[in-house]
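User: I've got a model open and I'd like to learn how to read it feature by feature. Can you walk me through it?

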Amino acid sequence: MAFKYLLVLTCVCAWFGSLAVSDKELLRVGLKKRSLDINSFSSARIRESVHHIKPDTVYLKNYLDAQYFGEIGIGSPPQTFRVVFDTGSSNLWVPSSKCILSIACYFHSKYRSKLSNTYTKIGTSCRIPYGHGHIPGFFSQDNLRVGELIVKDQQFAEITKEGPLAFLAHHFDGILGLGFLNKSVGQVTPVWYNLIEQGHVTQKIFSLWLNPDPMSKIGGEIVFGGIDWRHFKGDHTYVPLTHEDYWQIEVGDILLENNPTGLCAGGCAAIIDSGTSLIAGPTKIVTQINHAIGAEGYVSYECKSIIHNYGDSIWEYIISGLKPEIICVDIGLCSHNRTYIKNDVIESAAHNESWGESRTKESPLCTFCDMVVFWIQVQLKQKNTKDKILKYVDELCEKLPNPVGQTFIDCNSIDTMPQITFTIGNKSFPLSPKQYMLRIEEGCSTVCYGGFVPLDVPPPQGPLWVLGDLFLGAYHTVFDYGNLRIGFAEVA
């Protein structure tokens, strides 16, 4: 019997030993957290981009809501830059000394190649995805200091134009992408890959902890090559990556308290993105969330007209068992040929586009009809009455995500708001109201925003969620490159 216990203890110790490394072998980078202001947060955007040349969907963001950043050094001697460690992109970029025509460049640190004795000229021009398009620059090579280590011969982009004046709001200078090589502009080797190839880490993992204490001077920490056990409690739930180009996983249904929202019951894609504070997802679900948390929304009279004019017909069609995708065609709001337009870029209504500019060849009435059918189906599964369901769906038409900004919520109603739960790896990952809302102090007043924004990505890449810092702040996250998986555990 004693031998059995000794054997079990030996196995457990060996398992922990395989994960744990000495503190000296960990590369730590402390993160700082900035306070958001109303102007920068209201201007924050996440938008989809669908390319017809390559059957692939990406999304773009302008980083105006990014809160966490750390310091790096480029060159010899090191020139210091504040960067966002971004798992949603793959390139390292900072402003260049040659950026002279953008006002924003004069408010950020700029890389000066003449001051570095390890600089190597490359000079190839590039365009880095940003905001509503791209920002121009060119590639260079130099040594990079991350924490206490030096990554030799790291290629990076020197940005020569920083775009709109909104860039002035950034408290950081550039971006250090922690994504995959396949998504790197110019196929430049990402910093994370070089950390591995140059032997700076013994384990092919990095972990992220965002400090939930808003009063702490320490914003968080990213650990390359291991895990800091002080930052979480319990075990991590690991799920495999579902896309070779992103830190992307599959999520199940999203619950409002214990009520399903329906769309992701069979699985939705979710990208884990440390470069945004927001949580972005399908309008069909975000609208239900807005209604549940009492967020201000966009009122669509087109949506309400469908309920008033066709609500009874839609109800009868659903009850009779007609396929949902046929219902809106049958009542004449959608055409028989429902083909997506695959332009170079397709934007969702959340990003300065009107609801009238549909992503398909259909009219807005078709889009709203699809939503109404879906919402009625979800409510039917909860065994609600017809009158209650049609009233609820009519209310949803008043809670559509704001097409030109974020959604306000009542700061005094936080205690009565529901818990919102993501299902990952068949386990529940709840977010409390304090975790999914953003409280912004502006002078003597306080404004509260819901952290959910719409992002509508069509199949087969969608439906898609982007889980940003609001989610990552609640769950310590391990990015396991060696095993192509991601792990989540409750923050300590």
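**Reading the model, feature by feature**

Analyst: Sure. Just after helix 7, Lys383 takes a positive phi of about 60°. Keep in mind that this is a predicted model.

User: Before the details, how many helices and strands does the protein have?

Analyst: There are 10 helices and 27 strands. Of the 492 residues in the protein, 54% are buried. Among contacts with a separation of 6 or more, 71% are between residues 24 or more positions apart.

User: Back to helix 7, then. What is its reach from the first C-alpha to the last?

Analyst: Helix 7 covers residues 364-381, 18 residues in total, and reaches 26 Å, close to the 26 Å expected at 1.5 Å a residue.

User: And how do I think about which way its side chains point?

Analyst: The general idea first: an α-helix has 3.6 residues a turn, so residues three or four places apart point the same way. In this case, the buried residues of helix 7 include Phe368, Met371, Val372, Trp375, Ile376 and Gln379. Pro364, Cys366, Cys369, Val373, Phe374 and Val378 are buried in helix 7 too.

User: Which elements do those buried residues pack against?

Analyst: Their partners are strand 16 (259-260), helix 4 (283-293), helix 5 (301-320), helix 6 (324-330) and helix 8 (386-396).

User: Now cores. What's the idea there?

Analyst: In soluble globular proteins, nonpolar side chains tend to be buried together. Here the largest nonpolar core has 70 residues, and the members touching the most others are Phe85, Phe224, Ile249, Phe422, Trp465, Phe471 and Phe488. Helix 3 (residues 191-197) gives the most to this core, with five residues. There's also a second, separate core of 29 residues, which includes Cys328, Ile331, Phe368 and Phe374. Phe368 and Phe374 are also on the buried list of helix 7.

User: Which residues is Phe488 in contact with, leaving aside its neighbours within four places in sequence?

Analyst: Among them are Ile249, Ile272, Ile424, Phe429 and Phe471. Phe488 also contacts Asp235, His236 and His476.

User: How do I describe aromatic pairs?

Analyst: A pair of aromatic rings is described by the distance of the centres and the angle of the planes. This model has 22 aromatic pairs, counting rings whose centres lie within 6.5 Å. Take Trp247 and Phe479: their pair is edge-to-face, with 5.2 Å centre to centre and 75° between the planes. Trp247 lies in the loop between strand 13 (232-240) and strand 14 (248-251), and Phe479 lies in strand 26 (residues 475-480), so the pair ties together parts that are 232 residues apart in sequence.

User: Are Trp247 and Phe479 buried or exposed?

Analyst: Both Trp247 and Phe479 are buried. They also belong to one aromatic cluster with Phe85, Phe180, Trp192, Tyr193, Phe206, Phe224 and Tyr481.

User: Which charged side chains lie over a ring?

Analyst: Two cases to look up. The charged end of Arg485 sits over the ring of Tyr238, 3.8 Å from its centre. Lys110 lies over the face of Tyr106, at 4.5 Å from the ring centre.

User: What about a polar residue such as Gln154: is it buried or exposed?

Analyst: Gln154 is buried, with a relative accessible area of 1%, under the 20% cut-off. Gln154 is in strand 9 (residues 149-159), and its side chain makes a polar contact with the side chain of Asn194 at 2.7 Å. Other residues in contact with Gln154 include Leu92, Ser140, Thr189 and Val191.

User: Last topic, backbone oddities. Where are the cis peptide bonds you'd point to?

Analyst: One runs from Ser76 to Pro77, with omega near 0°. Pro77 is in the loop between strand 4 (68-74) and strand 5 (79-86). Another joins Pro459 and Pro460, with omega about 5°, and Pro460 is in the loop between strand 24 (452-454) and strand 25 (464-467).

User: And which non-glycine residues show a positive phi, besides the one after helix 7?

Analyst: Asp153 has a positive phi of about 55°. Asp153 lies in strand 9 and is partly exposed at 45% relative accessibility. Phi of Gln187 is near 55°. Gln187 sits in the loop between strand 10 (174-177) and helix 3, and is partly exposed with a relative accessible area of 47%.

Key. Residues numbered from 1 in each chain as written. Predicted model: local features only at pLDDT ≥ 70, side-chain atom pairs only at ≥ 80, totals over all residues. Heavy atoms only, no water. Helix = DSSP H or I, 4+ residues; strand = E, 2+ residues; numbered from the N terminus. Expected span 1.5 Å × (residues − 1). Buried < 20%, exposed > 50% of the residue type's maximum accessible area, 1.4 Å probe, protein only. Contact = heavy atoms within 4.5 Å. Phe/Tyr/Trp six-rings, centres within 6.5 Å; stacked < 30°, edge-to-face > 60°. Lys NZ or Arg CZ within 6 Å of the ring centre and 35° of its normal. Polar contact = N/O pair within 3.5 Å; in protein donor to acceptor, adjacent residues only side chain to side chain. Core = buried A, V, L, I, M, F, W, Y, C linked by side-chain atoms within 4.5 Å.
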